[in-house]
Every structure is written in structure tokens, then in C-alpha cells.
Amino acid sequence: MRVLLIYPKSRIPDKIILPPLGLTYIATILSRTANCEVEIVDERIDDVDIISKAKKYELIGFSTHIHNIKRSLFLAHMIKKNNPDVRVVFGGPWVSCTGFLKSKDVDYIVLGEGEFSFLNLVKKLSSGEKPKIRIISSKSIENLDNIPFPDYSFYKNFSSYMSNEGVRPHVMLLTSRGCPFPCTFCTKKVFGYRVRIRNPKNIIKEVKYLVENFGVKGIDIADDNFGFNKRFAIKICELLAKEKLGVIINCTNGLRIETITKKLLKKMKQANFHKISIGIESGDIGILRHVKKRIDFEKAIKVVKWCRELGIIVQAFFMLGLPGDNKNTIKKTLDFAKRLNPHYAYFHMALPFPGTELYKEILRNGEFLFDIDNGLDKGYFSHEPLFILPGMNTGVIECYAKRCYKEFYLRPKKIFDVLFTLRNFNQFIWSIKSFVTIVNKF
Ligand code: B12
Ligand code: SF4
């Protein structure tokens, strides 16, 4: 069977573009196990007329996200119009969150971890079967070591993938799946609550394979919660340190403050971790309690100090417009960000994903300020609140949220701090662009 897998572009240009790991896993499994002819088009990077290209395929799979769902639906419609016999399948975080079939142009949706459930579907379709159940739930994969290493030879423009680390090619690595914490704003619809870890030796084998076969220079750990199992995280670091592969490693998807120890950070440094992220979300304890995120502020300050001592760059994520946010709580968040003093701070508007507790809270008591069924076309630097709950004032939130980037970054001390983190020309350009955005936009 000829299968085309598409990662549609977003409505907002992406600053960081990494090869889509989910689609790569799926392509690798299909081509090896189901004897399929598979191609991947990443519309963010590849300059291809997808609608004409799709005519040559029997099955089209889309990786859907909040920012590309509208584009995915448009492409599916055009592809079906040209070729009504083609089968269209949607997978990825967006359909997993919403859980429903939105359009007659989509034949199947695959919820959750799609590697083996999609493989089964493809096998059935190849044998001429037409499965009647159109919404396919995936079982969470117990033994993650059964998934073959991602094969990046599917990408024609592989060397274009770069994170803000400035090295290329840069890819993602999963060492575990799942997170047991109950943060109300977080969607667990793909990997769930149960943490499943890989064999550390298998992980190191994958890193070596990536470096040796594809010349990978940078890796971002995409786990929901790297560090949750400390012994496991330390083991990975020790094995990586032994190999001395020279590859830059980041943990930008975030570590929980309570799971971080100085020992873990030391091991990470020895393993060539350059950057980590921490999710603080708010400087107001009442808001944190409400969204079920426990943060020990003093421990967070210690963590940033440890990272600075060890030479690890640390970036902190904050969310604005959470339930109960107002002028005072946003000011508290900004004040804490300054006191915490990470190298970088990001202030994102809270996004109410379907299926989350936050989403249900808004359904019950509040109002969405965007058409959530159609995804989202606002990006990282947007400060328009996305929902309102009783007692919240969107004008006030927007006005105070806008100050955060400016007040955090436009300080001489901070500008020097950022300059000292830069390691190459690409990073320098990226910083200048971000700086110009902050000056112009806020
Ligand atoms: C790395 C990452 C990024 C990177 C980009 C990665 C890239 N490809 O360029 C950056 C930092 C740029 C980023 C940005 C954003 N991200 Co992000 N990101 C991630 C992260 C950490 C890892 C993604 C990943 O590769 N996972 C590993 C792979 C294996 O999983 P997967 O892609 O989900 O694929 C599996 C299934 O979804 C499914 N599947 C996927 N595609 C397909 C296709 C078919 C046909 C089938 C059958 C199945 C299938 O099977 C796969 C294998 O099991 C995830 C969290 C996570 N741990 O997954 C969040 C996540 C994907 N991001 C999320 C969000 C919200 C964002 C932002 C909107 C943040 C913001 N506020 O601006 C932006 C949006 C960017 C955009 N324009 O779309 C949400 C998505 C929610 C949603 N409903 O869409 C997630 C799930 C985090 C979360 N829990 O909230 N992100
Ligand atoms: S925000 Fe982080 S810690 Fe909280 S549930 Fe999601 S992945 Fe886990």
C-alpha cells in the first residue's frame, strides 16, 4: 500500500522546527512491518504541492495539532475532492484530545499512541477489509523498546531541522511516556498518566544510531516528565557521559521542580545537557493550588542557582490568564520570575485543551474566547486571553500580561545574561529577532 504521511504547516510560522517524532515512528514501523511504500511531507519545511502529490497514494495520514487542525481539514477536503477513493486518517494530539470525527473527508481517526493501532488499520485496509469502527483507540504501549528507532531517511530536507540551540540537524528523543501529575491544564490524551520507561541501554543505542547514521548534533528530550524516575534519569546520564558523543542535549519540555536534585543536574551536565526547562506557571500560590500544580518557590530558586553554578542554561515557563488571574497575581508572577532569575522566561497564555479539567471548568462556569473546535491561530507571543471565568477581566489580563516580556527582558543585566548564553551565530540571530519582537509588540 502507498502511504503518504503529512505534518501540515501551522497558521503561525514556527520558530523551532524539529522533525515530527510521532510521524517518524509511524513511517518506520509501516515501512518495515507492513511492507508499505511510505513518504513523509513536512509542510513546514518541504516545498511540495500536497494536493497533487496525494493523487499517487492510497492512504493519507495527518498528524494533527492545535495549530494545524484547520489546515489538516482543508487538505483532507481537497485531497478527497480530487480522489474520493483515497483513505484519510487523522492522528496526533489534537484528535486525541477532542476524540471526535469532525468531517466526512476523514475516514478514520486514531486516538493516542498510534504506532501499532495505525499499523493494524493499514494491514486491514491493505487486505481489502473496510473496518466499520472509525474512531480507533490505541492501547498504551507497554514495552517502549519494541518500537524501532526512528528512521530519518524519510526526510529530504533533514539538515534543515534546527532548534534555538542553533545546531543542525536537531531531533527529539523519548526516554519515557506518561506523567502521573494532575495539572488541570495539561492534556494527557496521548501518553496518559502511567509512566513507562525504556531500557537505558536501548536509549543510548538510539542516540549513537542518530549520531552515526544521520549526523545528529542536537537532541531535545520530549518526555512529559524526564526526571520523574531519578535513578533511571541518572543512569541515562551516566551512560551518555561514558559515550562522549559530543551531541548537545536539552530537556526543554520541562522537569518538575520537586524531582530535581543537584546530583541529577551534575550528571546531566556530565552528559552534555546544555539547557533545561522548568514549569513554574504562576507566582501565586492560590492559582497554583487551583490548577493542581505544586511548586516550592524556594526550591525553584535553588534549582536555578544550581544550574547557573553548573553552567546549565535554564528557562522557566509561566502561564498567564489561568483561573483567578488578575492584575495582582500577574504582578506576583512577574516579580517571582525576576527573583527566580532563569536565563530565559516564557509567559504563555493558558490554553484550554479539550478533555482537560481546565476545559471542563470553563464549560461549566465560563466562556471560550476563540472557536476551540477550529484549533488556534494565536502564537507564543499573543497576549489575548483565551477564556474567561467569573471574576476575571480580560482587558486587565491582556494589559498586564503584555508587560511581562518587556519587564523581564529589557533590563541591562538580563540582556548581558542572555548574551552570555549564546554559543553560535544562529543563536545570536534568533535572540536579535526575539528582542525586536519584544520591543515592537509590547
Ligand atoms: C517538542 C514539542 C514541541 C516543539 C515542536 C516539535 C516539532 N515537531 O516541531 C515546539 C517547542 C515547537 C512545540 C510547540 C508547541 N506545542 Co508542543 N510539544 C512538543 C512535545 C514536548 C513533544 C512532541 C513529540 O514529538 N512527542 C513524541 C511523539 C512520539 O508523540 P506525538 O507526536 O504525539 O505522536 C504520537 C501520537 O500523537 C500519534 N500520532 C501523531 N501523529 C500521527 C499521525 C497519524 C496518521 C496517526 C495514526 C497517529 C499519529 O502517534 C504518535 C506515536 O505514539 C509534546 C508533548 C509530548 N510529550 O508529546 C508537546 C505538545 C505536542 N505540544 C503542545 C502544544 C500545546 C504546543 C504549542 C501550541 C505551545 C504554545 N502554547 O504555543 C506549540 C504549537 C506549535 C505549533 N505551531 O503547532 C501540546 C499539543 C496539544 C494539542 N492538542 O495539539 C503537547 C501535546 C503538550 C501538552 N501536553 O500540552 N511543541
Ligand atoms: S504539566 Fe507537566 S507535570 Fe503537569 S501533568 Fe503535564 S506533563 Fe505532568
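**Exercise 1.** Which strands does helix H10 lie across, and at what angle does helix H10 run to S12?

*Solution.* Keep in mind that this is a predicted model. Start with helix H10, found at residues 297–310. Helix H10 lies across S12 and S13, and its direction makes about 165 degrees with S12. Next, look at the two strands beneath your finger: S12 covers residues 273–281 and S13 covers residues 313–320. These strands pair in the parallel sense over six bridges. One such link joins Ile278 to its bridge partner in S13, Ala316.

**Exercise 2.** Work out which strands stand at the edges of the open sheet, and why one side of each is left without a neighbour.

*Solution.* First, write down the order of the six strands: S7-S10-S11-S12-S13-S14, with parallel pairing. Then go to the edges, where you meet S7 (170–173) and S14 (344–349). Each has a single partner strand, so one side of each has no neighbour in the sheet. Finally, add the twist: neighbouring strands are turned by 20 degrees against each other on average, direction ignored.

**Exercise 3.** Find where ligand 1 lies with respect to domain 1 and domain 2.

*Solution.* Begin with the shell, which has 43 residues, the closest being Gly22, Gly61, Ser63, Gly91 and Gly114. Helix H1 gives the largest share, five residues. By class, the shell holds 25 nonpolar, 14 polar and four charged residues. Now bring in the domains: both domain 1 (2–137) and domain 2 (162–441) give residues to this shell, so ligand 1 lies between them.

**Exercise 4.** Sort the residues around ligand 2 by class.

*Solution.* Locate the surroundings, including Cys179, Phe181, Asp224 and Arg256. The full shell has four nonpolar, three polar and two charged residues.

Key:
Residues numbered from 1 in each chain as written. Chains lettered and ligands numbered in written order. Predicted model: local features only at pLDDT ≥ 70, side-chain atom pairs only at ≥ 80, totals over all residues. Near = placed C-beta within 6 Å. Nonpolar A, V, L, I, M, F, W, Y, C, P; charged D, E, K, R; others polar. Pairing = 2+ DSSP bridges. Helix = DSSP H or I, 4+ residues; strand = E, 2+ residues; numbered from the N terminus. Axes fitted to C-alpha atoms, helices over the stretch in contact; angles between N-to-C directions. Contact = placed C-beta atoms within 7 Å. Domains from an automatic or database assignment.
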